[in-house]
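Welcome to this guided tour! Keep your viewer open, and follow along one selection at a time.

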Amino acid sequence: MILIDGKKAAAELRAELKEEVAELKSKHNKVPGLTVILIGDLTPSQIYVRNKEKSANEVGLKSEVIKYPDSVEEKTVLEKIQELNSDETVSGILVQLPLPKHIDKQKVIEAIDPSKDVDGFHPMNVGNLSSGYESSIPCTPLGCYLLIKKIEPNLSGKKAVVVGRSNLNGKPMTQLLLKENCTVTITHSKTKDLKAECLEADIIVAAVGIPELVRGDWVKRDAIVIDVGINKTDNGIVGDVHFDEVSKNAKALTPVPGGVGPMTIACLLKNTIDCFKRSQI
Ligand code: NAP
């Protein structure tokens with residue numbers, strides 16, 4: 001079984017991006033800039049944002065974090081986004097989710113200029129992705145896609161099962177696999193027989209949030225299995241896939257941690273650079 005090393009793949013991607021940033025700098029005499037808005041003091045969000053900032057600096061991006069307290073008014077955040085939209089030194093804007101309850105998440109997402117939407121959540125980018133046009137692609141599914149392509153460069157005709165249909169993961173993942181000419185089944189909490197669906201799959205992407213949902217006898221021999229889940233349990237962090245069982249059957253599997261997670265941040269950097277490049281055309 002191939003253990004898909006997301007840490008290594010992310011380090012390789014960051015090294016490529018670092019070179020690209022250096023080339024862009026010498027060509028345009030400026031570097032792509034990522035601005036993250038962080039609201040409140042939720043510890044996981046603070047950790048994510050710190051990691052994003054560290055990785056952005058590592059590849060040579062201009063990086064900035066704007067912090068607001070939990071009590072910040074929605075209007076203040078929307079005004080700041082407008083300011084960043086028209087700031088030429090800002091290539092990408094990310095508002096760290098979740099937001100406090102009094103702030104309308106969709107309003108915030110839609111306030112970001114789609115050409116600076118490095119999360120790929122703006123309806124314009126969602127529509128472009130599903131229409132097969134160029135767009136920012138949500139970072140986690142993009143990371144999964146790059147890992148799958150490393151194992152199997154030609155996905156045409158493969159059967160893929162995506163478990164979970166969130167806007168963040170399942171739906172964009174489905175679009176990416178469709179674009180590669182996979183036959184894709186998207187499953188969710190109302191799917192009648194998830195095991196039977198998974199047993200058909202050459203590729204399984206699990207993005208559910210239920211610890212070890214996908215079992216060893218759900219997986220065809222030689223399947224590629226990507227585990228997006230990050231679940232805190234009494235035994236530590238586990239994914240949505242039963243690692244020990246599935247590793248006995250699968251051709252390739254991502255571990256948790258150390259699989260998809262590291263690729264997510266690397267893909268955020270990639271999206272920032274891609275936004276910059278599109279803005280220079
Ligand atoms: P989400 O928004 O809660 O969506 C979960 C999806 O799973 C929903 O579509 C839900 O179906 C489906 N589902 C729930 N129970 C199911 C069941 N028994 N069988 C089949 N499908 C079921 O979750 P998310 O934001 O996509 O996150 C999923 C997991 O990925 C979480 O563990 C999260 O922490 C992790 N995550 C990891 C990264 C990373 O960088 N590695 C990034 C983001 C998220 P319905 O639509 O019918 O409710």
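**Stop 1: the six-stranded sheet**

Start by showing the strands as a cartoon. Six of them make an open sheet, which runs in the order β1-β11-β8-β7-β5-β6 with parallel pairing. Now colour the two edge strands, β1 (2-3) and β6 (183-187). Each of these has a single partner strand, so one side of each is left without a neighbour in the sheet. Before you travel on, keep in mind that this is a predicted model.

Here is some background for reading any sheet: strands pair through backbone hydrogen bonds, and the pairing is either parallel or antiparallel.

Next, select β8 (residues 224-227) together with β11. How many bridges join β8 to β11? There are two, and the strands run parallel. For a close-up, pick V225 and look across to β11, where L253 stands opposite.

**Stop 2: a cis bond after β11**

Follow the chain out of β11 (252-253) into the loop that leads to α10, and you will find P257 there. Select V256 along with P257: the peptide bond joining them is cis, with omega at about -5 degrees.

**Stop 3: the ligand**

Helix α10 (residues 260-279) is a good guide to the ligand, as this helix gives the most to the surrounding shell, with three residues. Show the whole shell next. It holds 21 residues, and R165, S166, N169, S189 and T264 come nearest to the ligand. What mix of residue types will you see in the shell? Colour by type and you get nine nonpolar, 11 polar and one charged.

Now try your distance tool on three atom pairs:

- From R165, choose the polar side-chain atom that lies 2.7 Å from an oxygen atom of the ligand.
- From H188, choose the backbone N or O atom that sits 3.5 Å from a ligand nitrogen.
- From N231, choose the polar side-chain atom found 3.5 Å from an oxygen of the ligand.

Then switch on a surface. On its own the ligand has 930 Å² of accessible area, and the protein covers 69% of that.

**Stop 4: the three-stranded sheet**

Zoom out and select β3, β2 and β4. These three strands form an open sheet in the order β3-β2-β4, and the pairing is parallel. Which strands stand at the edges? They are β3 (62-68) and β4 (92-95), each with a single partner strand, so one side of each has no neighbour in the sheet. Turn the view to look along the sheet: from one strand to the next, the twist averages 15 degrees.

Look more closely at β2 (residues 33-39) and β4, which pair in the parallel sense over four bridges. One residue pair to label is I37 with its bridge partner in β4, V95.

**Stop 5: two loops beside this sheet**

Leave β4 by the loop that runs towards α4 (105-111), and stop at P98. L97 and P98 are joined by a cis peptide bond, with omega at about 0 degrees.

Then go to the loop between α1 (6-28) and β2, where N29 is found. N29 has a positive phi of about 60 degrees, although it is not a glycine.

**Last stop: the whole chain**

Finish by colouring by domain. The assignment for this protein chain gives domain 1 (29-114) and domain 2 (139-261). If you mark the centre of each domain from its C-alpha atoms, the two centres are 29 Å apart.

How values were computed. Residues are numbered from 1 along each chain as its sequence is written. This is a predicted model: local features need pLDDT of at least 70, side-chain atom pairs count only at pLDDT 80 or more; totals for chains, interfaces and linings use all residues. Side-chain values use heavy atoms; hydrogens and water are left out. Domain bounds come from an automatic or database domain assignment. A residue is near a molecule or strand if one of its heavy atoms lies within 4 Å of it. A polar contact is a pair of N or O atoms within 3.5 Å; within protein, one must be able to donate a hydrogen and the other to accept it, and residues adjacent in sequence count only if both atoms are side-chain atoms. Accessible areas come from the Shrake-Rupley method with a 1.4 Å probe; for residues, only the protein chains shown count as cover. Ala, Val, Leu, Ile, Met, Phe, Trp, Tyr, Cys and Pro count as nonpolar, Asp, Glu, Lys and Arg as charged, and the others, Gly among them, as polar. Two strands pair if DSSP finds at least two bridges between them. Axes are lines fitted to C-alpha atoms, for helices over the stretch in contact, and angles run from 0 to 180 degrees between N-to-C directions.
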